[in-house]
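Trainee: Could you take one part of this model and walk me through it slowly? I'd like a close look rather than a quick tour.

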Amino acid sequence: MKTKLAIVAVFFIIAGFGMIHGGSQAMERVAIGLMGSGIVYLLYLLLTSGKKKEE
């Protein structure tokens, strides 16, 4: 499940970069939202994958 969501997050980032210089301000805001959500999820995966249970 995490792998599929990570792939979707990467697609969000790529789509956001493609839309960032769109003609309207609304499209630019959607692009910023797509990139932001993709980056936040990938950062979450990065931070949670390094934690291991200490015994």
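Mentor: Sure, let's start with helix 1, where Ala-6, Ala-9, Ile-13 and Gly-16 are buried. They sit on the same side of helix 1, because they cover an arc of only 80° around the axis (the arc is that of the directions from the helix axis to the C-beta atoms). Buried here means under 20% relative accessible area, exposed means over 50%, and partly exposed is in between, with a 1.4 Å probe and protein chains only. Helices are DSSP runs of H or I with at least four residues, numbered from the N terminus.

A word on the ground rules: this is a predicted model, where local features need pLDDT of at least 70 and side-chain atom pairs count only at pLDDT 80 or more, while totals for chains, interfaces and linings use all residues. Residues are numbered from 1 along each chain as its sequence is written, and side-chain values use heavy atoms, with hydrogens and water left out.

Back to the buried side: Gly-16, in helix 1, has 0% relative accessibility, so it counts as buried. Its C-alpha is separated by 27 Å from that of Gly-50, 34 residues apart along the chain.

Now flip over to the other side of helix 1, where Thr-3, Lys-4, Phe-11, Ile-14 and Gly-18 are exposed. Lys-4 has a relative accessible area of 62%, so it is exposed. Between the C-alpha atoms of Lys-4 and Leu-47, 43 residues apart along the chain, there are 18 Å.

Phe-11 and Ile-14 turn up again in a nonpolar surface patch of about 390 Å², made together with Ile-7 and Val-10. Patches take residues with over 30% relative accessible area and no salt bridge, joining like charges within 9 Å and nonpolar side chains (Val, Leu, Ile, Met, Phe, Trp, Tyr) within 5 Å. A salt bridge is a side-chain nitrogen of Lys or Arg within 4 Å of a carboxyl oxygen of Asp or Glu. The accessible areas come from the Shrake-Rupley method with a 1.4 Å probe, and for residues only the protein chains shown count as cover. Ile-7 is part of helix 1 (residues 2-19) too, and at 45% relative accessibility Ile-7 counts as partly exposed.

As for length, helix 1 has 18 residues and reaches 25 Å from its first C-alpha to its last, close to the 26 Å expected at 1.5 Å a residue. That expected span is 1.5 Å times one less than the number of residues.

What comes after helix 1? Gly-23 lies in the loop between helix 1 and helix 2, and with a relative accessible area of 87% Gly-23 is exposed. Gly-23 and Met-35 are 12 residues apart in sequence, and their C-alpha atoms are 18 Å apart in space.

Technical notes. Helices (H or I, at least four residues) and strands (E, at least two) are DSSP runs, numbered from the N terminus.
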